[in-house]
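Here's a quick tour for anyone who likes to read a fold with the coordinates open. Have a look at the chain and its ligands, then follow along below.

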Amino acid sequence: MEKMHKPSLTKARKRSKTLVETKEYKRPEIINLGKGKKYLIQTHGCQANEADTEIMQGLLEEQGFKKTDVIEQADLLLINTCAIRENAENKVFGELGRLKSYKRINPNMIIAVSGCMPQEEEVVERILKQYQHVDIVFGTHNVNKLIEYLHFVIVEKKRLIEVYSKEGNIIENLPQARDHRFKAWVNIMFGCDEFCTYCIVPYTRGKERSRNKDYIIKEVKALIKKGYKEITLLGQNVNSYGLDFPDNNYSFANLLEELANLDIPRIKFTTSHPKDFSDDIIEVIAKYDNIMPFIHLPVQSGSNKVLKKMNRKYTKESYLEVVEKIYNKIPDVSLTTDIIVGFPTETQTDFEETIDLVKKAKFEGAYTFVFSPRKGTPAASYENNITEKVAKARLHKLNDLVNEGYLRGNKRFEGKSVKVLVEGYSKNNKSVLTGYTEHNKLVNFKGDDSIIGEIVEVYIEKAKTWSLDGVIKK
Ligand code: 5AD
Ligand code: SF4
């Protein structure tokens, strides 16, 4: 016996005109569901998932669940999944396969799958058929229902599949148990209406909805009070923040400026869309010292033909114009990007256009990917005659160039002092502290734990491709 509500990609594609309402979270009547119990959440994918995980941790801890890192000790194991590329999904299926043996040892362990993968019809069918040890499957639109689902499964001892293909209301005041003590994610909007032809996100995360600014400001003020030093504003396309408001008179630039006037040392944001990166956003970043001079601006391709097929709504030339404006107003900015190679019909000449753009834009980092067809998206049915070998060779060549950019970006800080938000000890070396600069560069240096969570001055002695080595200034 099961409780079941399955996803539909056809429904997920639709965009309704009805305005999304904002509701405050009401705790269910359930109490102490997790008393004496432990949970483990594995988070895959982007920061939106990390932010959702922090909410689910908050919901669980409110019920008395305690976190564990040891699978064998977990009464609840939740996998928060990512659907962006096939290899992300394969990892999750591999993990689900392995979990079968844990369930044999501990039959009371509850296994749950959440996030973007359950939003896909085929994934749910596969879980139902091949992974019967999974107890709960829910998607991105009902994270706030986690406790009710757990209660149902524990009490009724039945499986529950509850995936909605239409976004619900925006739920405010959800509890959060954040993973960091001085760096925080702050959602400013949900969903995406861009429909880039390769991308599954508009289907898995629903239509674009901006959070009411009063709730965002309240959240940031509370973080400041708790001593947080850095916030990252999150959205699939943060530049279009506010465009869905009926009066449409408060933009991302307005929000950024209002937040920059609060007493928070560092603000950054991700992700931006080049077509919406307006002059007033650039002006605000340039004007405020606490907005980090670090911009992630996904370009995806340097070929106008490919950009058109991707439905990116800009050209190589207009992208480079935005980049030039950014460099003019924020000369020391560190610019990074996302690039896909092997998109259907990408020729060697198209690829060379991408290489040319990477050189012109002077990126100091990039996430690079081979195109992965996602079922239900337009590009999945485009004829694709690019072999894996060719795609991999392009990726390799691109990565060599991108890595030169990482090194160039790091080199410019050699012999200079930088401000570092100290995160903690390096994983590999317990006597070395690590942290990030305002330009989002990783720094390693010697020091003691009393400065963890502080912003300190570090003198950079040596720049490497992936990190900087420095000494703390006394
Ligand atoms: N194949 C490969 N890369 C993709 N991305 C999104 N969808 C796909 C896909 N189907 C990349 C884009 C995006 C980043 C988050 O992931 O570059 O900016
Ligand atoms: Fe995907 Fe494009 Fe939306 Fe980014 S802007 S989430 S790539 S559809």
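What follows goes from the domains to the sheets, then to the two ligands and a couple of backbone oddities.

Keep in mind that this is a predicted model. The domain assignment splits the chain into domain 1 (3-162), domain 2 (180-292), domain 3 (295-411) and domain 4 (417-472). Between the centres of domain 1 and domain 4, taken over C-alpha atoms, there are 36 Å.

Let's start with the open sheet. Seven strands line up in the order E1-E8-E7-E6-E5-E3-E4, and their pairing is parallel. Which strands sit at the edges? Those are strand E1 (2-5) and strand E4 (66-67), each of which pairs on one side only. E1 runs parallel to strand E8 (residues 159-162), with four bridges between them. In that pair, Glu-2 is set opposite Arg-159 of E8.

Now for the barrel. Five strands close up in the order E18-E19-E20-E22-E21, with mixed pairing. On average, neighbouring strands in this sheet are turned by 50 degrees against each other, direction ignored. Strand E21 (residues 455-463) is a handy one to follow. On one hand, E21 is antiparallel to strand E22 (residues 468-472), joined by five bridges, and a hairpin of four residues links E21 to E22. Within that pairing, Tyr-459 has Val-471 of E22 as its bridge partner. On the other hand, strand E18 (residues 417-425) also runs antiparallel to E21 over five bridges, where Leu-421 is partnered by Ile-455 of E21. If you're colouring side chains here, remember that in a regular strand they alternate between the two faces of the sheet.

On to ligand 1. Its surroundings are made up of Ile-84, Arg-85, Tyr-198, Gln-300, Asp-338, Ile-340, Phe-369, Val-370, Phe-371, Ser-372 and Arg-374. By class, that shell comes out as six nonpolar, two polar and three charged residues. Some of the polar contacts are worth a look one by one:

| Residue | Protein atom | Ligand 1 atom | Distance |
|---|---|---|---|
| Tyr-198 | backbone N or O | nitrogen | 3.0 Å |
| Asp-338 | side-chain N or O | oxygen | 2.6 Å |
| Ser-372 | backbone N or O | nitrogen | 2.8 Å |

How much of ligand 1 does the protein cover? On its own, ligand 1 has 400 Å² of accessible area, and the protein covers 86% of that. Two elements give two or more residues to the shell, namely strand E16 (334-341) and strand E17 (366-370).

Ligand 2 has its own set of residues around it: Cys-192, Glu-194, Phe-195, Cys-196, Tyr-198, Cys-199, Val-201, Pro-202, Gln-236, His-273 and Arg-312. Sorted by class, these are seven nonpolar, two polar and two charged. Tyr-198 turns up in the shell of ligand 1 and in that of ligand 2, which makes it a good residue to click on when you move from one site to the other.

Finally, the backbone. Where is the cis peptide bond? It joins Thr-270 and Thr-271, with omega at about 5 degrees. Thr-271 belongs to the loop between strand E14 (266-270) and helix H9 (279-287). Gln-300 also stands out a bit, with a positive phi near 75 degrees in a residue other than glycine. You'll find Gln-300 in the loop between strand E15 (294-296) and helix H10 (304-309), and Gln-300 is one of the residues around ligand 1.

Terms used:
Residues numbered from 1 in each chain as written. Chains lettered and ligands numbered in written order. Predicted model: local features only at pLDDT ≥ 70, side-chain atom pairs only at ≥ 80, totals over all residues. Heavy atoms only, no water. Near = heavy atom within 4 Å. Polar contact = N/O pair within 3.5 Å; in protein donor to acceptor, adjacent residues only side chain to side chain. Areas by Shrake-Rupley, 256 points an atom, 1.4 Å probe, with all protein chains shown as cover. Nonpolar A, V, L, I, M, F, W, Y, C, P; charged D, E, K, R; others polar. Domains from an automatic or database assignment. Pairing = 2+ DSSP bridges. Axes fitted to C-alpha atoms, helices over the stretch in contact; angles between N-to-C directions.
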